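User: I'd like a close look at one part of this model: the aromatic rings, and whatever sits around them. Could you walk me through that in one go?

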Amino acid sequence: MRSKAVLSDPATPDSPMGRRSFLGLGAVLTGSLALGGKPAIANPAQESPPADAPWSQSIGAGVVDRPYGRPADTEASVIRRNVPWLTASAESSVSFSPLQDLHGIITPNGLFFERHHAGRPDVDPAQHKLMIHGLVERPLLLTMKDIMRFPSVSRIHFIECPANGGMNWRAAQMNSLQFSHGMVSCAEWTGVRLSTLLEETGIKKQAKWAMVEGADGAHMNRSLPLDKCLDDCLVVYAQNGEALRPEQGYPLRLVVPGWEGNVNIKWLRRIKLGEKPWHSREETSKYTDLMPDGTSRGFTWLIDAKSVVTFPCPEKPLDGPGLYEIRGLAWTGNGRVKRVDVSVDGGVNWQTARLHEPVLSKALTRFSLPWRWDGRPALVASRVIDETGYVQPTIAQLRAQRGSNSVYHNNSIQTWQVKPDGSVFNVQLA
Amino acid sequence: MSSLAKWCGGAVVAGLIAAGAAGAGPAESPKPAVTEKSLPKLGLGREALPEEIAAWDTDVRPDGKGLPPGRGTVKQGDEIFQQRCAACHGEFGQGAGRWPALAGGQGTMRADRPDKTIGSFWPDLSTAFDYIKRAMPYGNARSLTDDETYALVAFLLNLNDIVKDDNFELNDKNFTSIKLPNASGFFEDDRELAEKKFWGKEPCMKNCREAPKVTSRANELNVTPDGKSGPKVD
């Protein structure tokens with residue numbers, strides 16, 4: 001039964017669709033029509049299974065053995081990690097999501113990357129308040145109970161720290177998918193449209209900007225144009241079906257779809273409307289992008305289109321020649337991902353990958369492409385095109401524009417070098 | 001684009017970007033037939049009282065809006081700084097260990113390794129007042145009085161050679177007369193214009209380039225933490 005199921009899988013070369021795509025793939029990606037390797041057949045061991053394991057002969061743990069479930073013990077290495085040398089303290093620092101171990105587009109809540117500027121506070125939701133004031137008709141003070149009575153919406157959006165990949169501006173630095181790209185995660189957020197809350201206060205005509213501020217010890221404050229606030233921003237209290245995790249802003253955070261993570265203020269306590277931006281520390285000293293002529297871009301809110309191959313990657317080497325599926329993630333702050341191309345020869349030739357549904361606006365999008373690896377060295381890379389026609393640039397193109405000191409917004413094409421032994425390395429090309 | 005005026009009057013460009021993004025593809029979600037604006041107010045929450053707003057409303061803008069009445073001298077600031085700030089930021093604001101430097105680095109923005117401090121990089125003095133009052137000292141935020149904050153900002157101006165006189169007093173009246181060296185060093189996000197070449201061209205699919213050369217390898221730097229040795233899971 002098992003072997004039949006494997007053989008009838010549409011992804012194997014024996015189905016008409018599969019064979020077509022493999023022939024095409026062989027021609028483009030390896031430059032040869034000869035497929036060489038054997039077709040994928042079930043492992044003979046699977047046809048005569050070994051003796052029943054203990055778990056097949058006994059009774060397992062009962063319900064509510066774990067009232068709040070957790071992953072299998074054998075998944076213990078699937079965790080957030082940090083880079084100790086990167087920051088002066090763990091409380092104003094970042095942890096990276098283990099993209100190499102994840103599937104689909106939703107990041108499990110316990111693995112969503114963290115970025116704090118004064119640690120993770122334990123906020124009492126009974127005491128937490130949201131104040132909306134400034135250029136409004138009626139300043140408001142809202143409790144969590146009030147906020148949860150407003151009309152609600154749920155949306156799936158990524159949040160990416162604009163420093164994601166920042167360590168690779170000068171050269172390939174982190175030999176790891178988790179550390180080079182793990183400052184992006186994606187969740188279903190539930191809460192209230194920011195426009196609903198602002199309209200409840202009555203927006204004065206002169207108001208053009210909103211200052212948003214957190215309740216933690218950093219009291220992070222950022223200026224946002226009112227247009228964006230009224231467009232698609234959300235004030236959320238839930239993440240992937242449950243209350244926000246403390247490290248994601250419990251009990252309340254802002255979600256600013258498609259814009260740099262820093263503006264998605266956590267532990268949100270105050271929104272003030274005004275006619276000008278505030279030039280707060282996080283939009284002057286930080287989150288400004290130094291250019292080669294010594295001046296800096298400010299208010300670089302938008303996350304440009306970006307993609308990365310999540311398999312193979314340094315943490316997940318190849319296990320000998322044969323069939324694999326190159327897999328990855330793509331996203332863009334501009335809206336939807338339109339197409340992803342994959343190369344296995346460092347960008348000489350490209351082949352369009354399959355996008356996996358759902359393809360949502362300002363959300364992570366999965367892609368995949370079958371690959372028969374011949375055991376020779378390869379340079380694996382992906383390139384996304386979004387619905388505005390933006391094509392993900394190379395690091396050389398970005399450096400030509402911005403130099404190497406802009407810290408943020410490195411959305412360049414990532415290349416993984418595959419060596420004949422199957423090991424995988426972060427490299428940059430010229 | 002690279003003018004202070006554009007940076008300060010950012011609403012125009014911001015609106016353009018927002019409009020561009022929204023007009024570029026299908027709208028994210030259809031607008032409800034009855035907008036929330038046309039509905040009667042929901043009547044949730046209560047009005048924030050003036051004293052409640054005053055307690056949290058400490059933000060200061062570049063034009064000085066939000067500055068509280070108060071004053072402090074360089075000398076007073078030096079004393080407070082040595083007690084409450086120097087352990088992390090160094091006696092002269094040079095930064096202790098990995099902690100941020102607050103002074104120095106002027107003229108290094110085009111250097112291979114720029115040294116970004118208040119004196120070399122920050123555009124607005126208001127940011128220093130706002131940030132110190134809001135978030136410093138690290139681990140004891142919102143513990144400084146307005147006068148202490150004025151004094152600390154005065155001392156930071158002195159550390160950065162922007163104010164030379166030890167007896168200089170910074171207050172809410174003279175605050176906006178002081179300009180930082182890098183005030184004109186910022187401009188509004190111009191990616192849609194300056195990086196226009198990244199849009200619209202159908203990318204090459206076959207024989208796009210010569211065989212690439214690997215120019216840098218992360219494993220040679222050997223600074224990647226060992227992925228297997230993550231923090232313990234309980």
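Analyst: Sure. First, a bit of background on the chain that will come up most. Keep in mind that this is a predicted model. Chain A exposes about 16,000 Å², with carbon and sulfur atoms supplying 55% of that area. Of its 430 residues, 62% count as buried. Chain A has eight helices and 23 strands. Take its contacts between residues at least 6 apart in sequence: 71% of these join residues at least 24 apart.

Now the rings. Over all chains, the structure holds 18 aromatic pairs. The F112(A) and F113(A) rings have planes at 15° and centres 5.9 Å apart, so this pair is stacked. Both F112(A) and F113(A) are buried. Chain B gives us a tilted pair: the centres of the F81(B) and F155(B) rings are 5.2 Å apart, but their planes are at 55°, so the pair counts as tilted. F81(B) sits in helix α4 (residues 74-84) of chain B and F155(B) in helix α7 (residues 146-159) of chain B, so the pair ties together parts 74 residues apart in sequence. Burial applies here too, as F81(B) and F155(B) are both buried.

Back in chain A, ring pairs link W209(A), W259(A), F299(A) and W301(A) into a cluster. On the annotation side, an unreviewed UniProt entry places the feature "domain: Oxidoreductase molybdopterin-binding" at residues 117-279 of chain A. That span is 14% helix and 35% strand, and its end C-alpha atoms lie 18 Å apart.

Some rings also have a charged side chain over the face. R383(A) lies over W350(A), at 4.2 Å from the ring centre. In chain B, K197(B) lies over the face of F198(B), at 5.6 Å from the ring centre.

Since you asked about surroundings, here are the cysteines as well. The count is one disulfide over all chains. This disulfide joins C204(B) to C208(B), with S to S at 2.2 Å. The torsion about that S-S bond is about -95°, so the disulfide is left-handed. C204(B) is partly exposed at 36% relative accessibility, and C208(B) is partly exposed at 26%.

Other cysteines stay unpaired. For C233(A), the closest cysteine sulfur is in C229(A), 5.0 Å away and too far for a bond; C233(A) is buried, with a relative accessible area of 2%. For C85(B), the closest cysteine sulfur is 8.9 Å away in C88(B), again too far for a bond, and C85(B) counts as buried at 15% relative accessibility.

Notes
Residues are numbered from 1 along each chain as its sequence is written. Chains are lettered from A and ligands numbered from 1 in the order in which they are written. This is a predicted model: local features need pLDDT of at least 70, side-chain atom pairs count only at pLDDT 80 or more; totals for chains, interfaces and linings use all residues. Side-chain values use heavy atoms; hydrogens and water are left out. Helices (H or I, at least four residues) and strands (E, at least two) are DSSP runs, numbered from the N terminus. Buried means under 20% relative accessible area, exposed over 50%, partly exposed in between (1.4 Å probe, protein chains only). Contact means heavy atoms within 4.5 Å. Accessible areas come from the Shrake-Rupley method with a 1.4 Å probe; for residues, only the protein chains shown count as cover. Rings of Phe, Tyr and Trp (its six-membered ring) pair if their centres lie within 6.5 Å; planes under 30 degrees apart count as stacked, over 60 as edge-to-face and the rest as tilted. A charge sits over a ring if NZ of Lys or CZ of Arg is within 6 Å of the ring centre and within 35 degrees of the ring normal. UniProt positions are given in the numbering used here, feature names are shortened, and annotations may be inferred rather than shown by experiment. A disulfide is a pair of cysteine sulfur atoms within 2.5 Å.
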